[in-house]
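Dear colleague,

I am handing over the structure below, together with notes on what was found in it. Please read the notes with the structure open beside them.

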Amino acid sequence: MSRREPPQTEEGWYALHDFRTVDWDGWRAAPDRERERAIEEGVDYLSEHEALADADAGGSAVFSVLGHGADLLVLHLRPSMVDLDTAERRFEQTAFAEFTEQTDSYLSVTEVSGYMSQEYFEGEEVEDTGMANYIESRLKPDIPDSEYVSFYPMDKRRGPENNWYDLPFDERADLMSGHGDIGRDYAGKVTQIITGSVGFDDYEWGVTLFADDPAQIKKLLYEMRFDPSSSRYAEFGRFRFGRRFPPEDLGALLAGEPVPTGDDPHAGTDTSHGEGSPHGDHGDDTGEDESETIRDVLDEEGIYAGQPHGEDVHAMVLYSEADPMELEADVSGLRGNFEHYDTHVKTAVYENPDGGKSAVVSIWDTASAAETAGGFLSDLPGIVARGRGDGGEGFGTMGMFYTTKPDQREAFVERFDTVGELLAEMDGHDSTDLLVNRENENDMFIASRWRSREDAMDFFRSDEFRETVSFGREVLADRPRHVFLA
C-alpha cells in the first residue's frame, strides 16, 4: 500500500493548559499571613502574565474548574516553548504554588493545515482576504473574554475498520470541510482554539472552546458527534470545564465567594469594547451603574437603548482614510464571507458627505462575533482608528439604525444641520458627524465626541434633544436604537 499524503501544517503560538488542585486542608490550616502572601503573589503572577509582562505577544487567562480533578486552569499562549517553560517555572516560585499541585497539563501549538487552504501552503498569496485573516487568527489567536471554557484532547482513530490515516487526502479534506460547516453555524456563540500536540503530549490535538452560554458548547459538541469525522474517526480524552475569573479575585475564589466579585459577568477582563453601554461608550471607562443612567434617560424619550447584559446587537466600527470606492470593494468581499454566519446582521461602508474618514460598520448578534469580525476588518486599507475615529480622549456616542423614509431624507439632513449648529455651541461638545451608507442613502448613523460623559448626558436631558426625538418619529422608517460597540 502506498503512503498516504499528509496535509502540510504551519505552527503558530505554543499553548500550555496547566491544571491545578488546591490543598484545601493546608490552606485552611495556614496562618493568615501565609495565606495573604500566597494570594498577593498569586494575583501578581496571574495579572502580570495576562498583561504579557513576560512576553511580547500571546495571552493568558485563569479559570475556576468545576468538578473533580482540578480547581484551577491557567492557560498560556506564547510565541515560543521557552516562554511557556519560563511561565510554568515562575509559577512554582510563588508562595501560592505551595498550596497547589499540578494534576494535569497539556502542551500543544496552534496550527493550520492543508485541509484549510492549499494555496497558502503552495507559497501563493491568499487572495481571499477573509481566509488570510482567518489563518492568521488561528495561528495567533486572542483568548476570548467569554465566561466559560471547555478543554479536551482528541485523536483520529486508527482502528482496523476505520483508520483515518488510510483515507485518501481528498476524502479527509471533504470530511474536515463538512465538520467545519457545523462549527461555522455556531460562529458568535462558540469560539475555538485548535492546537496540535503530536510529539508534545499524549493525544494528537487539543480543543479549547469558549462561550458565554455553556449550553452552546454542549449543543455544538453534540451535533458534531453525528458527523462522520467524529462518529467514525475520533477518539476523545478527558473533558474539563471552567469559568473565567479576573486574577484580582483569586482571594474571593479561595474564600468560597462568588466570582467575578462584580455585577458584570466579565468584570476584570478586557471590556474596552464598550459592552453594556447603550450609546456605545468608547471613551471613559464607565461601569454598569453609569450605563444604566444613560439607558434610563433615553428610555424616557422612547429611544431604544439596548439591554444591560449583551442581549442585543453589537457593532464593530473602524475608520479609514482610504478612497471610499476602494474601501467598499474590499468590504464587499468580506461581507460575502460574513453572510455565511447566522449571527451577522449587516456590514457596510458609511461615508461622511463633508469629507474626512469613512466608517466601516459591522453589526452582529454577539460581541464575540463582532470582535472576531474586527480582526478581519482591521486589515482593510487606510484603517486609522477604531470606534471613535480620532484616537483622542473623552466620551463617544453612536446612534445607529437611522433609516429615513425616502421622501423625508432631505428634511432629516436639514434637521441634523440645525442640531449640529446647536451642538457646536454646547460646552463639552467636540464634534458630531452624520455618515451615510454608500449602498443606501437613507441609512445613516450619527457619531458624536464629547469631552466627558456628563457633557453628553446634558444634551440627552435637554429640550432640544426631546424635540429632535419627536421629529425623528415622523421621518424615520424604523425605530432608532443605539447599539453596543464591540
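Does Glu50 count as buried, partly exposed or exposed? Before the answer, please keep in mind that this is a predicted model. Glu50 has a relative accessibility of 25%, and because buried means under 20% and exposed means over 50%, Glu50 counts as partly exposed.

The side chain of Glu50 meets that of Arg244 in a salt bridge, with 3.8 Å from N to O. Since Glu50 belongs to helix H2 and Arg244 to strand E9 (residues 240-244), this pair ties together parts of the chain that are 194 residues apart in sequence. Arg244, for its part, has a relative accessible area of 10% and is therefore buried.

The count of salt bridges comes to 19, and two further pairs may help you find your way around. In one of them, the side chains of Glu235 and Arg157 meet at 2.7 Å, N to O. This pair links distant parts of the chain, with Glu235 in strand E8 (residues 234-236) and Arg157 in the loop between strand E5 (148-156) and helix H6 (169-185), 78 residues apart. Glu235 is partly exposed, with a relative accessible area of 35%, and Arg157 also counts as partly exposed, at 22% relative accessibility.

In the other pair, a salt bridge of 3.2 Å, N to O, brings together the side chains of Asp430 and Arg451. Here too the pair links distant parts of the chain, for Asp430 lies in strand E15 (residues 429-437) and Arg451 in the loop between strand E16 (440-450) and helix H14 (453-460), 21 residues apart. Asp430 is partly exposed, with a relative accessible area of 31%, whereas Arg451 is exposed, with a value of 56%.

Turning to the strands, E1 (residues 9-22) has 10 buried residues among its 14, and it is therefore largely enclosed by the rest of the structure. E1 runs antiparallel to strand E4 (residues 100-113), to which 12 bridges join it; in this pairing, Val22 has Thr100 as its bridge partner. E1 also runs antiparallel to strand E3 (residues 72-78), with seven bridges between them, and there Asp18 is partnered by Val74. Asp18 appears once more in a network of salt bridges that links it with Arg20 and Glu92.

As for the nonpolar interior, the largest core holds 22 residues, of which Phe96, Phe245 and Leu250 touch the most other members. Helix H2 (32-50), E3, helix H3 (81-92) and helix H9 (250-254) each supply at least two residues of this core. Leaving aside residues up to four places away in sequence, Phe96 touches Ala38, Gly42, Leu72, Phe91, Leu250 and Leu254. Apart from this core lies another, made up of 16 residues, among them Ala15, Leu73, Leu75 and Val149.

Finally, helix H12 (residues 367-377) deserves a look, because eight of its 11 residues are buried and the helix is thus largely enclosed by the rest of the structure. Its buried residues are Ala367, Ser368, Ala369, Ala370, Ala373, Gly374, Phe376 and Leu377.

With best regards

Notes. Residues are numbered from 1 along each chain as its sequence is written. This is a predicted model: local features need pLDDT of at least 70, side-chain atom pairs count only at pLDDT 80 or more; totals for chains, interfaces and linings use all residues. Side-chain values use heavy atoms; hydrogens and water are left out. Buried means under 20% relative accessible area, exposed over 50%, partly exposed in between (1.4 Å probe, protein chains only). Helices (H or I, at least four residues) and strands (E, at least two) are DSSP runs, numbered from the N terminus. Two strands pair if DSSP finds at least two bridges between them. A nonpolar core is a set of buried Ala, Val, Leu, Ile, Met, Phe, Trp, Tyr and Cys residues joined through side-chain atoms within 4.5 Å. Contact means heavy atoms within 4.5 Å. A salt bridge is a side-chain nitrogen of Lys or Arg within 4 Å of a carboxyl oxygen of Asp or Glu.
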